[in-house]
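Reader: I would like a close look at one part of this model, with the reasoning laid out step by step. Please take your time over it and keep to what the coordinates support.

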Amino acid sequence: MSPLTLDRIKKAGGNVRITEEKISNTSVAVNEYQIKILEGGAWVTVFKSRERGICEQAVRGVNSRLLLG
């Protein structure tokens, strides 16, 4: 994940959420997780991954850096 994306998540403060979306453009449906932030009154996707843990880890990492320094 790029430092710019992490910075956008940090600036969003508590206006961050992780959503799940089923992608079925292939023969097998796949879950995709997205980190969304509230910008300008709309939820904007800033990162996508097929693993929820990666999204959760990124949000936790940004929040822990805010608390520590």
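Reader: In which helix do Asp7 and Lys11 both lie, and how many residues apart are they?

Author: In this predicted model, Asp7 and Lys11 both belong to helix α1, where they sit four residues apart, about one turn of the helix. An α-helix has 3.6 residues a turn, so residues three or four places apart point the same way. The two side chains form a salt bridge, with their closest N and O atoms 3.3 Å apart. Asp7 counts as partly exposed because its relative accessibility is 27%, and Lys11, at a relative accessible area of 67%, is exposed.

The two sides of the helix can be described in turn. The buried residues of α1 are Thr5, Ile9 and Ala12; seen down the helix axis, these fall within an arc of 60 degrees, so they line one face of α1. The face turned away from that buried side carries the exposed residues Pro3, Leu4 and Lys11, so that Lys11, as an exposed residue by its 67% relative accessible area, takes part both in this outward face and in the salt bridge with Asp7.

On the buried side, Ile9 and Ala12 are among the 12 residues of the largest nonpolar core, which also includes Val16, Tyr33, Phe47 and Cys55. Helix α1 (3–12), strands β2 (30–39) and β3 (42–49), and helix α2 (52–68) each supply at least two residues of this core, and the largest share, four residues, comes from α2. In soluble globular proteins, nonpolar side chains tend to be buried together.

Helix α1 also has a link to a part of the chain that is distant in sequence. Arg8 forms a salt bridge with Glu39, the closest N and O atoms being 2.8 Å apart, and this pair joins helix α1 to strand β2 across 31 residues. Arg8 is partly exposed, with a relative accessible area of 33%, and Glu39, at 35% relative accessibility, likewise counts as partly exposed.

A search of the whole structure finds three salt bridges. Besides the two described above, Glu56 and Arg52 meet in a salt bridge at 2.7 Å, N to O, and, being four residues apart in helix α2, they are separated by about one helical turn.

Beyond the end of the helix, α1 is followed by Gly13, whose phi is positive, near 65 degrees. Gly14 then lies in the loop between α1 and β1 (16–23), and with a relative accessibility of 74% it counts as exposed.

Technical notes. Residues are numbered from 1 along each chain as its sequence is written. This is a predicted model: local features need pLDDT of at least 70, side-chain atom pairs count only at pLDDT 80 or more; totals for chains, interfaces and linings use all residues. Side-chain values use heavy atoms; hydrogens and water are left out. A nonpolar core is a set of buried Ala, Val, Leu, Ile, Met, Phe, Trp, Tyr and Cys residues joined through side-chain atoms within 4.5 Å. Buried means under 20% relative accessible area, exposed over 50%, partly exposed in between (1.4 Å probe, protein chains only). The arc is that of the directions from the helix axis to the C-beta atoms. A salt bridge is a side-chain nitrogen of Lys or Arg within 4 Å of a carboxyl oxygen of Asp or Glu.
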